[in-house]
Amino acid sequence: MAANPSFSSGTAILACAAMAVLYVGMLYTPSLLFRLPPARTINEHYIRRFTCSVVASVLASGLCFWLLGSPIDMLRNGDLPAALAVLGIRRDHVATLYPLLLTALLYLGPLVMTALNTDERLEDEAKVEMGFIQGLFTRTRDNVISLTTDIFAWRNYIVGPLTEEWVFRACMVPVLLCAGYSQLKVMLLCPLYFGLAHLNHYWETVYPENRNHKIAALITGFRFAYTTIFGWYAAFLYLRTGHLVAPLVAHIFCNVMGLPAVGDALESPYNKVIGLTFLVGLGSFICLLNPATSPALYGYMPGQCLPTAS
């Protein structure tokens, strides 16, 4: 589908910047705009932030729909599935399994390390296999249980990934595509907004945590780097599959796993096995990246301006 001529590429850039600023700025509206007193508990603090994130996501969707125009016409005609498909929310060809398995390959080394460390006394091959399964099951079970009581689990595994992918992929990508940007440029631009949106952590590191500016700059710079790198991958998944679910499951999985503990891997008695499985996982990821995200698997025409539900 051809790009929408009703707005320029510059307008698209400004619109995406506005979405990023809106998403971050909304987090501070309870205290700065509404003059609410500081939250009394950590749960209250994050519930306020969850509410702000959802509101920012709704407003970003409105800006996206207003610029594109067609989704508003779809809503007026009662075609909600077609309007949601513009944001990558589609009922056909659910894009969950392949993106999840593809992302897991990047963590093959840490997964094996976790499994082996569940019991260093395991000796024979059958026991090692059982320990691997037990390690995965235990981690999954603990994370699921924590969702009901842990506010940080809600932030890291549900609200954060969902609202971030909604704004920085579902709302931004269609706007940039319809402004005439190529897939490559879209894949490079969106993660920059995503990385820049995490720079507010500099302020939060300096003042609430009382860190000095040098340490805060290092932490924030590192955070910007890895969120931008992940953003490239998430944008790639979204562009290739046309599904919001694809980057969403990858985002949740990465948050569950966290950054690889390189130091622990080097000190582990199984460091050679862990290193080998990491290389195998990385090689498999590179080999399967294109086949596992082939648009044909998801009924999607890559790079189209306004994807529609089938």
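**Salt bridges, rings and core: a conversation**

Biologist: Which side chain meets that of Arg-76 in a salt bridge?
Modeller: A salt bridge is counted when a side-chain nitrogen of Lys or Arg lies within 4 Å of a carboxyl oxygen of Asp or Glu. Here the N to O distance is 3.7 Å, and the partner of Arg-76 is Asp-73.

Biologist: Before we go on, what kind of model is this?
Modeller: Residues are numbered from 1 along each chain as its sequence is written, and side-chain values use heavy atoms, with hydrogens and water left out. Local features need pLDDT of at least 70, side-chain atom pairs count only at pLDDT 80 or more, and totals for chains, interfaces and linings use all residues; this is a predicted model.

Biologist: Thanks! Is Arg-76 buried or exposed?
Modeller: Residues under 20% relative accessible area are buried, those over 50% exposed, and those in between partly exposed (1.4 Å probe, protein chains only). Asp-73, at 40%, is partly exposed. Arg-76 has a relative accessible area of 67%, so it counts as exposed.

Biologist: Which residues are joined into one network by salt bridges that share partners?
Modeller: Glu-44 pairs with Arg-40, their closest N and O atoms being 3.5 Å apart. Glu-44 also meets Arg-48, with 3.1 Å from N to O. The network therefore joins Arg-40, Glu-44 and Arg-48.

Biologist: How many helices does the chain have?
Modeller: Helices (H or I, at least four residues) and strands (E, at least two) are DSSP runs, numbered from the N terminus. The chain has 0 strands, and its helices number 15.

Biologist: Which helix gives the most to the largest nonpolar core?
Modeller: Such a core is a set of buried Ala, Val, Leu, Ile, Met, Phe, Trp, Tyr and Cys residues joined through side-chain atoms within 4.5 Å. The largest has 63 residues, and those with the most contacts inside it include Phe-168, Met-172 and Val-186. With 10 residues, the top contributor is helix α9 (residues 151-178).

Biologist: How is the ring pair of Tyr-23 and Phe-168 classed?
Modeller: Rings of Phe, Tyr and Trp (its six-membered ring) pair if their centres lie within 6.5 Å; planes under 30 degrees apart are stacked, over 60 edge-to-face and the rest tilted. That rule gives 8 aromatic pairs. For Tyr-23 and Phe-168 the centres are 5.6 Å apart and the planes at 75 degrees, so the pair is edge-to-face.

Biologist: How many residues apart are Tyr-23 and Phe-168?
Modeller: Phe-168 is buried at 1% relative accessibility, and Tyr-23 is buried at 8%. Tyr-23 belongs to helix α1 (residues 9-26) and Phe-168 to helix α9, so the pair links distant parts of the chain, with a separation of 145 residues.

Biologist: What is the C-alpha separation of Ala-17 and Met-172?
Modeller: Ala-17 is also found in helix α1, and at 26% relative accessibility it counts as partly exposed. Along the chain, Ala-17 and Met-172 are 155 residues apart, while their C-alpha atoms are separated by 9.3 Å.

Biologist: Finally, which residue joins Leu-97, Tyr-98 and Leu-101 in a nonpolar surface patch?
Modeller: Patches use residues with over 30% relative accessible area and no salt bridge: like charges are joined within 9 Å, nonpolar side chains (Val, Leu, Ile, Met, Phe, Trp, Tyr) within 5 Å. Areas come from the Shrake-Rupley method with a 1.4 Å probe; for residues, only the protein chains shown count as cover. The patch covers about 390 Å², and its other member is Leu-297.
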